[in-house]
Each structure stands twice: as C-alpha cells, then as structure tokens.
Amino acid sequence: MYTMFSERLKQLRQKRGLNQKEFAELLGVEPSKYNKWENGKSCPNYDTLCKLANFLGSTTDYLLGNSDQMYRDADKAFNSWKDDFKAQVSNRLIDFIKTM
C-alpha cells in the first residue's frame with residue numbers, strides 16, 4: 001500500500017547502519033509499529049513523518065515519493081561546490097592575465 005514510502009524508509013535506515021529495532025528506539029516508537037511502516041502496512045502520522053525526514057537528513061517529499069532528491073542539503077552542497085569552482089577559475093584567469 002505504501003510501497004514507495006516503505007522502500008525509501010528502509011533504504012535510508014540501512015544507510016545509517018541501523019536495524020529496525022534500533023531505529024524505532026531512536027524515534028521513540030514501538031518496533032512493531034516501525035516494522036509496519038517498512039512493510040507497507042501503515043504509515044506514520046504527519047509529525048512522525050517530519051521527525052523521520054529530519055532525523056534521516058531527507059525530506060517528507062522524498063520519503064513519500066513526491067521528489068527524487070534524497071537529501072535536503074543536496075542543493076546547498078552543489079551551490080557551495082559551484083561557488084568554489086567559480087572562485088578557482090576566476091583566480092586562475094586573473095593569474096593568467098597578469099602573466100601577459
């Protein structure tokens with residue numbers, strides 16, 4: 001029923017190196033309840049969904065299948081890299097012009 005959510009939740013949990021019981025304890029939910037989420041038998045309420053996304057560094061949209069951007073800081077990391085790259089190119093260009 002909640003296939004996309006279940007698959008993505010499991011994938012992100014495993015990336016953290018946690019088993020279901022450990023993760024459920026960190027979230028403060030019963031392991032049996034968490035198991036139902038991963039097996040597609042139920043879905044957490046909105047507050048818990050937000051807590052899951054926050055803990056996993058993801059977004060509710062990704063967990064629910066509304067986005068393919070796994071991590072919420074992906075754009076921020078890319079923009080940081082892009083700014084660094086621009087600065088390096090600018091510095092090299094200035095150095096090159098000075099040698100002329």
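These are my notebook entries on a predicted model of one chain, with its helices, salt bridges and a few residues looked up one by one.

**Ground rules**

I number residues from 1 along each chain as its sequence is written. Local features need pLDDT of at least 70 in this predicted model and side-chain atom pairs count only at pLDDT 80 or more, while totals for chains, interfaces and linings use all residues; side-chain values use heavy atoms, with hydrogens and water left out.

**Entry 1: the whole chain**

I started with the overall layout. The chain has 6 helices and 0 strands, so I noted how these get assigned: helices (H or I, at least four residues) and strands (E, at least two) are DSSP runs, numbered from the N terminus. Written out from the N terminus, the elements go α-α-α-α-α-α.

Next I looked up burial. Of the 100 residues, 26% count as buried. Buried means under 20% relative accessible area, exposed means over 50%, and partly exposed is in between, with a 1.4 Å probe and protein chains only.

Then I checked contacts (heavy atoms within 4.5 Å). Taking the contacts with a separation of 6 or more, 53% come from residues 24 or more positions apart.

**Entry 2: the salt bridges**

How many salt bridges does the structure hold? I found 2. The term stands for a side-chain nitrogen of Lys or Arg within 4 Å of a carboxyl oxygen of Asp or Glu.

One of them joins the side chains of Arg8 and Asp68, at 2.8 Å from N to O. This pair links distant parts of the chain, 60 residues apart: Arg8 is in helix H1, and Asp68 is in the loop between helix H5 (60-64) and helix H6 (74-98). Are the partners buried or exposed? Arg8 is buried, because its relative accessible area is 9%, whereas Asp68 counts as exposed because its value is 66%.

Arg13 and Glu38 also meet in a salt bridge, with 2.4 Å from N to O. Here too, distant parts of the chain are linked: Arg13 in helix H1 and Glu38 in helix H3 (residues 31-38) are 25 residues apart. Both Arg13 and Glu38 are buried.

**Entry 3: more on Arg13**

I stayed with Arg13 a bit longer. Why does Arg13 count as buried? Because its relative accessibility is 7%. Its side chain also reaches the backbone oxygen of Leu18 at 2.6 Å. That fits the idea of a polar contact, which is a pair of N or O atoms within 3.5 Å; within protein, one must be able to donate a hydrogen and the other to accept it, and residues adjacent in sequence count only if both atoms are side-chain atoms. Not counting residues up to four places away in sequence, Arg13 touches Leu18, Asn19, Gln20, Phe23, Tyr34, Glu38 and Leu56.

**Entry 4: Ser6**

Ser6 is in helix H1 (residues 3-15). I put Ser6 down as buried because its relative accessibility is 7%. What does the side chain of Ser6 reach at 2.8 Å? I got the backbone oxygen of Trp37. A polar atom of the same side chain lies 3.1 Å from the backbone nitrogen of Gly40. Leaving aside neighbours within four places in sequence, Ser6 is in contact with Trp37, Glu38, Asn39 and Gly40.

**Entry 5: H1 against H3**

Ser6 and Arg13 both turn up where H1 meets H3, so I looked at that pairing. From H1 come Phe5, Ser6, Leu9, Lys10 and Arg13, and they meet Tyr34, Trp37 and Glu38 in H3. I sorted the residues of this contact into 4 nonpolar, 1 polar and 3 charged. Here Ala, Val, Leu, Ile, Met, Phe, Trp, Tyr, Cys and Pro count as nonpolar, Asp, Glu, Lys and Arg as charged, and the others, Gly among them, as polar.

The two axes come within 7 Å and cross at roughly 120°. Axes are lines fitted to C-alpha atoms, for helices over the stretch in contact, and angles run from 0 to 180 degrees between N-to-C directions. H1 and H3 are therefore oblique to each other; under 35 degrees is roughly parallel, over 145 roughly antiparallel, 65 to 115 roughly perpendicular and the rest oblique.

**Entry 6: Leu63**

Leu63 is in helix H5. Leu63 counts as buried because its relative accessibility is 0%. Among its contacts beyond four places in sequence are Met4, Phe5, Arg8, Leu9 and Leu12.
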